[in-house]
Amino acid sequence: MGRLSSHAAAKITNENQLIKNYEMRKIEHIGIAVKSIEESNVLFEKLFGRAHYKIEEVASEGVNTSFFQVGPNKIELLEATRPDSPIARFIEKKGEGIHHIAFDVEDIRAEMKRLEAEGFTLLNEEPKRGADNKLVCFLHPKTTNGVLIELCQDAG
C-alpha cells in the first residue's frame, strides 16, 4: 500500500472533522406508539422492572408521552390525545409498535442542513419543541428505508 500525500491526508482529516462536528452521537430514545399510556405503563414497568420517570403532554403534536430509563437507554411511549394526531394515524395504519428511533445531535440546525444536502427529506423546516426538553426534527421515512428518524438536541 502506498502512502497518502499530505494533501490527501489533510482532505481526509478535514472530512473526518466535518463528520465529527455533525454526527449523530447516540440513540437518544426509541419511541413506541401505544393506544393507552396507562395500560402500557403497567406492561413496560413489569418488563423493565422499574417505573416510568416522567409523563408529559406535547399539545402541539397531540400526544402524551411516558419515559422509561433502562440502563443508558430511554424508551418513550406515545399516546394520541386527538384523532388527527400523527400517533393516532400511525396506530390506525400500523397498530401499536415502534414508531421512531431518535438520535442525539449537538447542533440540530447544522445536522438538518447536512442531511438535507445528503438528499434526506425533513418533515419540518425548523426544529420544534418536543418532549423531555428537546428540540426535534423528523426525517421522512421514505428517505430512510421506512424508518422514521428523529433528531434531538437538548433545548437548554
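Biologist: Is Val 136 buried or exposed, and what is its relative accessible area?

Modeller: Keep in mind that we are looking at a predicted model. Val 136 sits in strand β7, which covers residues 134–139. Buried means under 20% relative accessible area. Val 136 falls under that cut-off, so the answer is buried, with a relative accessible area of 6%.

Biologist: Nice start! Which residues is Val 136 in contact with, leaving aside its neighbours within four places in sequence?

Modeller: Contact here means heavy atoms within 4.5 Å. One partner is Asn 124, which is 12 residues away along the chain, with 9.2 Å between the two C-alpha atoms. The full set of contacts of Val 136 is Ile 108, Asn 124, Pro 127, Lys 128, Gly 130, Glu 150, Leu 151 and Cys 152.

Biologist: Let's step back to the whole protein. In what order do its elements run from the N terminus on?

Modeller: The secondary structure comes to 4 helices and 8 strands. Writing α for a helix and β for a strand, the order from the N terminus is α-β-α-β-β-β-α-β-α-β-β-β.

Biologist: And what share of the residues count as buried?

Modeller: The protein has 156 residues. Its accessible surface comes to about 9800 Å², and 52% of that belongs to carbon and sulfur atoms. As for the residues that count as buried, their share is 38%.

Biologist: How many salt bridges does a search of the whole structure find?

Modeller: A salt bridge needs a side-chain nitrogen of Lys or Arg within 4 Å of a carboxyl oxygen of Asp or Glu. Lys 74 and Glu 28 give an example, with N and O 2.7 Å apart. This pair links distant parts of the chain, since Lys 74 is in strand β4 and Glu 28 in strand β1, 46 residues apart. Over the whole structure, the number of salt bridges found is 12.

Biologist: Which residues are linked with Lys 74 in a network of salt bridges?

Modeller: Lys 74 counts as buried at 11% relative accessibility, and Glu 28 is buried too, at 6%. Both belong to the network. The residues linked there with Lys 74 are Glu 28, Lys 54, Glu 56, Asp 132, Lys 134 and Asp 154.

Biologist: Glu 61 and Lys 128 also form a salt bridge. How many residues apart in sequence are the parts that this pair ties together?

Modeller: The closest N and O atoms of Glu 61 and Lys 128 are 2.8 Å apart. Glu 61 lies in the loop between β2 and β3, while Lys 128 belongs to strand β6, so the pair ties together parts whose separation in sequence is 67 residues.

Biologist: Now for a helix. Why are Glu 111 and Arg 114 separated by about one helical turn?

Modeller: The side chains of Glu 111 and Arg 114 meet in a salt bridge, 2.7 Å from N to O. Glu 111 counts as buried at 0% relative accessibility, whereas Arg 114 counts as partly exposed at 29%. They are about one helical turn apart because, in helix α4, their spacing is 3 residues.

Biologist: One last stop, on the surface. Which residues form a positive surface patch?

Modeller: One member is Arg 89, in helix α3, which spans residues 86–94. Patch residues need over 30% relative accessible area. Arg 89 passes because it is partly exposed, at 45%. The positive patch is made up of Arg 89, Lys 93, Lys 94 and Lys 142.

Note on methods:
Residues are numbered from 1 along each chain as its sequence is written. This is a predicted model: local features need pLDDT of at least 70, side-chain atom pairs count only at pLDDT 80 or more; totals for chains, interfaces and linings use all residues. Side-chain values use heavy atoms; hydrogens and water are left out. Patches are made of residues with over 30% relative accessible area and no salt bridge: like charges are joined within 9 Å, nonpolar side chains (Val, Leu, Ile, Met, Phe, Trp, Tyr) within 5 Å. Accessible areas come from the Shrake-Rupley method with a 1.4 Å probe; for residues, only the protein chains shown count as cover. Lys and Arg count as positive and Asp and Glu as negative; His and the chain ends are not counted. The place of a charge is taken as NZ of Lys, CZ of Arg, CG of Asp or CD of Glu. Helices (H or I, at least four residues) and strands (E, at least two) are DSSP runs, numbered from the N terminus. Buried means under 20% relative accessible area, exposed over 50%, partly exposed in between (1.4 Å probe, protein chains only).
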